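Trainee: I should like to learn how a protein model is read, one part at a time. May I put some questions to you?

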Amino acid sequence: MKPETIDLFKKANYRQTQKNQLELLKELKQERLTIGYNGGLFDINPILINLVSVLENKKYTKAVIDDRNNNPIEIEVKNFMKLILDTYVQEQNYYLAEHNKIVTARSVEEILTYDD
């Protein structure tokens, strides 16, 4: 096999490995941004954060919002806001750091062996 062909295979393998690792990282982020609260399951995202922020700004202490399965769940607004905001910021920072490790890795081995 020609050296150019081997290089093409290495590049293709590198790109596919990188793509797979980034996809796994996205799935992990989504999993880590799913929380249980008061019997409900919530996907933490900017929409949920904005809704709870509006409730907090309007001085609601408790409210009923739908969880990911459309079940009505009563929340304590201030506590819930702290929980989702802290979790969101922490997980976004983790995601960014891990994403940067993957995209700056220069070999398949480096992509697969970086430290968490």
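The dialogue below treats strands, aromatic rings, a helix and the nonpolar cores.

Mentor: This is a predicted model, in which local features need pLDDT of at least 70 and side-chain atom pairs count only at pLDDT 80 or more, while totals for chains, interfaces and linings use all residues. Residues are numbered from 1 along each chain as its sequence is written, and side-chain values use heavy atoms, with hydrogens and water left out.

Trainee: Which residues form the covered face of strand β3?

Mentor: Strands (E, at least two residues) and helices (H or I, at least four) are DSSP runs, numbered from the N terminus. In a regular strand the side chains alternate between the two faces of the sheet. In β3, residues 62-66, the uncovered face holds Lys 62, Val 64 and Asp 66, and the covered face holds Ala 63 and Ile 65.

Trainee: Which residue of β4 stands opposite Val 64?

Mentor: Two strands pair if DSSP finds at least two bridges between them. β3 and β4 (residues 72-76) pair in the antiparallel sense over five bridges. They form a hairpin with five residues between them, and Asn 70 in the turn has a positive phi of about 65 degrees. Opposite Val 64 stands Glu 74.

Trainee: What is the angle between the planes of Phe 42 and Phe 80?

Mentor: Rings of Phe, Tyr and Trp (its six-membered ring) pair if their centres lie within 6.5 Å; planes under 30 degrees apart count as stacked, over 60 as edge-to-face and the rest as tilted. By this rule there are two aromatic pairs. Phe 42 and Phe 80 form an edge-to-face pair, 5.0 Å centre to centre, with an angle between the planes of 65 degrees.

Trainee: How many residues apart in sequence are the parts that this pair ties together?

Mentor: Phe 42 belongs to strand β2 (residues 40-43) and Phe 80 to helix α3. Both are buried (under 20% relative accessible area, with exposed over 50% and partly exposed in between, for a 1.4 Å probe and protein chains only), Phe 42 at 1% and Phe 80 at 0%. Because the two rings lie in these elements, the pair ties together parts whose separation in sequence is 38 residues.

Trainee: Which residue joins Phe 42 and Phe 80 in one aromatic cluster?

Mentor: The residue lies in strand β1 (residues 34-37) and is buried, with a relative accessible area of 16%. Leaving aside neighbours within four places in sequence, its contacts (heavy atoms within 4.5 Å) include Phe 42, Ile 75 and Phe 80. The third member of the cluster is Tyr 37.

Trainee: How far apart are the end C-alpha atoms of α3?

Mentor: The expected span of a helix is 1.5 Å times one less than its number of residues. For the 28 residues of α3 this gives 40 Å, which agrees with the distance between its end C-alpha atoms, 40 Å.

Trainee: Which residues does Glu 91 contact, leaving aside its neighbours within four places in sequence?

Mentor: Glu 91 is in helix α3, residues 77-104. Glu 91 is buried, with a relative accessible area of 6%. Its contacts beyond those neighbours are Arg 32 and Leu 33.

Trainee: How many residues has the largest nonpolar core?

Mentor: A nonpolar core is a set of buried Ala, Val, Leu, Ile, Met, Phe, Trp, Tyr and Cys residues joined through side-chain atoms within 4.5 Å. Among the residues with the most contacts inside the largest one are Phe 42, Ile 65 and Phe 80, and its number of residues is 17.
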